[in-house]
Amino acid sequence: WLAIMTAVKVVVSVAMFSAQSHLYRWLAMAFQYGGLCHHARAQLITSVIIVPVIGDAFQLAVQDGFLKRPDVEVEAMKPLKGDVASDEGSTESDSSSEFSDARRREFA
């Protein structure tokens, strides 16, 4: 997880550095459109509180979606209803232990 977060921070930093002139121009237009020019306190509140809250909410939503994403490989290996193993009367614990053994053998 730390490697992923470090890579994301590096990519975002490089992208921000290379696009800073476009970003500053866009932010200046946004401040003009929002009527924030020549209002130092409104600019401060927007820059220090509002924009970071929106950015943090977006980052949290992306990370939460990434962490809650189901593992496709694990889901594909689970036995389906009506499989031969489930027709033989195996219990849930039997199939989960077989699944665990198969998973251990795969990574051994």
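## Overall fold

The protein has six helices and zero strands. This is a predicted model. Along the sequence, the pattern reads α-α-α-α-α-α.

Of its 108 residues, 7% count as buried. The protein exposes about 9300 Å². Carbon and sulfur atoms supply 67% of that area.

## Helix 2 and the residue after it

Helix 2 covers residues 20–33, 14 residues in total. From first C-alpha to last, helix 2 reaches 20 Å. That is close to the 20 Å expected at 1.5 Å a residue.

G35 sits just after helix 2. Its phi is positive, at about 70°.

## The nonpolar patch

A nonpolar patch of about 660 Å² lies on the surface. Its members are W1, I4, V8, V12, M16, F66 and L67. Two elements give two or more residues to the patch: helix 1 (2–18) and helix 3. Helix 1 gives the most, with four residues.

V12 is one of the patch residues, and V12 is found in helix 1. V12 counts as partly exposed because its relative accessibility is 46%, between the cut-offs of 20% and 50%. An α-helix has 3.6 residues a turn, so residues three or four places apart point the same way.

## T46 in helix 3

Helix 3 spans residues 40–68 and holds T46. T46 is buried, since its relative accessible area is 15%, and the cut-off for buried is under 20%.

The side chain of T46 reaches the backbone oxygen of A42 at 2.8 Å. Neighbours within four places in sequence left aside, T46 is in contact with F31, L36, V51 and P52. Of these contacts, F31 falls within the residue range of helix 2, while V51 and P52 fall within that of helix 3.

## The salt bridge

The structure holds one salt bridge. K68 forms it with D64. The closest N and O atoms are 3.5 Å apart. Side chains of opposite charge can pair when their charged atoms come close.

Both K68 and D64 lie in helix 3. They are four residues apart, about one turn of the helix. K68 is exposed because its relative accessible area is 63%, over the 50% cut-off. D64 is partly exposed, with a relative accessible area of 35%.

Terms used. Residues numbered from 1 in each chain as written. Predicted model: local features only at pLDDT ≥ 70, side-chain atom pairs only at ≥ 80, totals over all residues. Heavy atoms only, no water. Buried < 20%, exposed > 50% of the residue type's maximum accessible area, 1.4 Å probe, protein only. Polar contact = N/O pair within 3.5 Å; in protein donor to acceptor, adjacent residues only side chain to side chain. Contact = heavy atoms within 4.5 Å. Areas by Shrake-Rupley, 256 points an atom, 1.4 Å probe, with all protein chains shown as cover. Patch = residues over 30% accessible without salt bridge, like charges linked within 9 Å, V, L, I, M, F, W, Y side chains within 5 Å. Salt bridge = Lys/Arg side-chain N within 4 Å of Asp/Glu carboxyl O. Expected span 1.5 Å × (residues − 1).
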